[in-house]
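Subject: Structure for you, with notes

Hello,

Here is the structure I promised to pass on. Please open it next to this email, and my notes follow below.

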Amino acid sequence: MSDRSNNFADRDGKIWLDGELVDWRDATVHVLTHTLHYGVGCFEGIRAYMTDVGPQIFRLHEHTRRFFDSAKILRMTIPYEYDEIFEAQRTVFRVNGFEEGYIRPLAFLGSNEMGLRATGLNVRVAIACWSWPSYMEPNAFTNGIRVQTSSFTRHHVNISMCKAKAVGHYINSVLALSEALDGGYDEALLLDNEGYVAEGSGENVFLAKDGVIHTPELTSCLPGITRNTLMTFAQDLGIEVRERRITRDELYIADECFMCGTAAEVVPIRELDNRVIGNGERGAITTQLQSMYFDLVQGKLANYTDWLVPVN
């Protein structure tokens, strides 16, 4: 597949749309598509990496399960079985000929009705993939990123359904990240409605202090699959992980901090709100977990191989 255009609507390749592979430029929807107006929809972000045995998709089962869980929370019934969506993601990546890339399944409400009642609407599903080598600047993995605490509050558990990876939730993320970028930062840190640390605009957050890892409890933040991966690594390494409420000034005085997510992967935080974290360099725990993550997704770890699904 060619990425000759920066316009996502004008590319060569195939997209899986409502059960069929269609030409990339023909994968379109009507302007009165319900989700375009009201934001009720869900999606996933999944990465595939090249290994010695060919491209493999990282934790496809867990991402597919969360996709269905998100739809259920939003009262959407995906009109395909789990196995169909699972295989469709492998298929669309394979036919586009990538060695590495990003997979985006999306469930959205169609254009057969309009209005807030959202009744009688058909649920449509699209699956696309593209090359996305790095969400952050390449040197961010070693040098770290500068983060700003956002003026925007993360979702409250009774305002929005926080366990769903919902389309509409990301208005909050876009506004927070735009604010941070305008201020010269690389990423935003969002607090919950009580002022405790929640997550980044699209990442979970961790701190390490005195050899112990701390991360916010899952209230107003998404249960990240990369988050779960790193916590599993830490447990297997014998590093204690505590899930609890965290204040932002705890991050200021941490030994090290890092963010993680499918798009961002594992990236250290160098500064938060113009305070240098630790000595301003990638910390030992961050380095170890980051190294394990990249070794795993590239098929270099003997353990955790059940988290890799071959494309072919």
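**Aromatic cluster**

One aromatic cluster is formed by Tyr-49, Phe-58, Phe-141, Phe-233, Tyr-293, Phe-294, Tyr-304 and Trp-307. Please keep in mind that this is a predicted model. Across the structure there are 20 aromatic pairs.

A pair of aromatic rings is described by two things: the distance of the centres and the angle of the planes. Take Phe-141 and Phe-294. Their ring centres are 5.6 Å apart and their planes stand at 85°, so this pair is edge-to-face. The pair links distant parts of the chain, with the two positions 153 residues apart. Phe-141 belongs to helix H4 (residues 140-143), and Phe-294 belongs to helix H8 (residues 284-297). Both Phe-141 and Phe-294 are buried.

Phe-294 also pairs with Tyr-293. Here the centres are 5.3 Å apart and the planes are at 80°, so this pair too is edge-to-face. Is Tyr-293 buried or exposed? Tyr-293 is buried, because its relative accessible area is 1%. Phe-294 has a relative accessible area of 19%. The cut-off for buried is under 20%, so Phe-294 counts as buried as well.

**Arginines over rings**

Which residue lies over the face of Trp-307? Arg-59 does, at 4.0 Å from the ring centre. Trp-307 is also a member of the aromatic cluster above. There is another case to look at: Arg-146 lies over the face of Tyr-185, at 4.5 Å from the ring centre.

**The largest cavity**

Rolling a probe the size of a water molecule over the atoms shows where empty space is left. How many cavities of 30 Å³ or more does the structure hold? It holds one. The volume of the largest cavity is about 70 Å³.

This cavity has a lining of 14 residues. Nearest its centre are Pro-268, Ile-269, Glu-281, Arg-282 and Gly-283. At least two lining residues come from each of H4, strand S14 (256-261) and strand S15 (265-272). S15 gives the most, with three residues. H4 is also the helix that holds Phe-141. By class, the lining of the cavity has four nonpolar, six polar and four charged residues.

**The second largest pocket**

The volume of the second largest pocket is about 300 Å³. It is lined by 19 residues, and the closest to its centre are Val-40, Leu-74, Arg-75, Leu-109 and Ala-118. The lining divides into 10 nonpolar, seven polar and two charged residues.

**Positive phi angles**

Most residues other than glycine have a negative phi. Arg-75, from the pocket lining, has a positive phi of about 60° although it is not a glycine. Arg-75 sits in the loop between helix H2 (60-73) and helix H3 (82-95). With a relative accessible area of 81%, Arg-75 is exposed.

Glu-265 also has a positive phi, about 65°, and is not a glycine. Where does Glu-265 lie? It lies in strand S15. Glu-265 counts as buried, because its relative accessibility is 3%.

**Two more buried residues**

Val-123 is in strand S7 (residues 123-130). At 14% relative accessibility, Val-123 counts as buried. Which residues does Val-123 touch, not counting those up to four places away in sequence? They are Met-76, Thr-77, Ile-78, Pro-79, Ala-107, Phe-108 and Leu-109. Among them is Ala-107, which is 16 residues from Val-123 along the chain. The C-alpha atoms of Val-123 and Ala-107 are separated by 6.6 Å. Leu-109, another of these contacts, is one of the residues closest to the centre of the second largest pocket.

Ser-201 lies in a loop, between strand S10 (197-200) and strand S11 (204-209). Ser-201 counts as buried, because its relative accessibility is 4%. Leaving aside neighbours within four places in sequence, Ser-201 is in contact with Arg-154, Tyr-170, Ser-173, Leu-177, Glu-187, Ala-188 and Leu-190.

Best wishes

Key. Residues are numbered from 1 along each chain as its sequence is written. This is a predicted model: local features need pLDDT of at least 70, side-chain atom pairs count only at pLDDT 80 or more; totals for chains, interfaces and linings use all residues. Side-chain values use heavy atoms; hydrogens and water are left out. On a 1 Å grid over the protein atoms alone, a cavity is a set of points where a 1.4 Å probe fits but cannot get out, and a pocket is an open set with protein on both sides within 12 Å along at least five of seven lines; lining residues have an atom within 4 Å of a point. Grid points are joined across faces, edges and corners, and a volume is the space filled by probe spheres set on the points. Ala, Val, Leu, Ile, Met, Phe, Trp, Tyr, Cys and Pro count as nonpolar, Asp, Glu, Lys and Arg as charged, and the others, Gly among them, as polar. Helices (H or I, at least four residues) and strands (E, at least two) are DSSP runs, numbered from the N terminus. Buried means under 20% relative accessible area, exposed over 50%, partly exposed in between (1.4 Å probe, protein chains only). Contact means heavy atoms within 4.5 Å. Rings of Phe, Tyr and Trp (its six-membered ring) pair if their centres lie within 6.5 Å; planes under 30 degrees apart count as stacked, over 60 as edge-to-face and the rest as tilted. A charge sits over a ring if NZ of Lys or CZ of Arg is within 6 Å of the ring centre and within 35 degrees of the ring normal.
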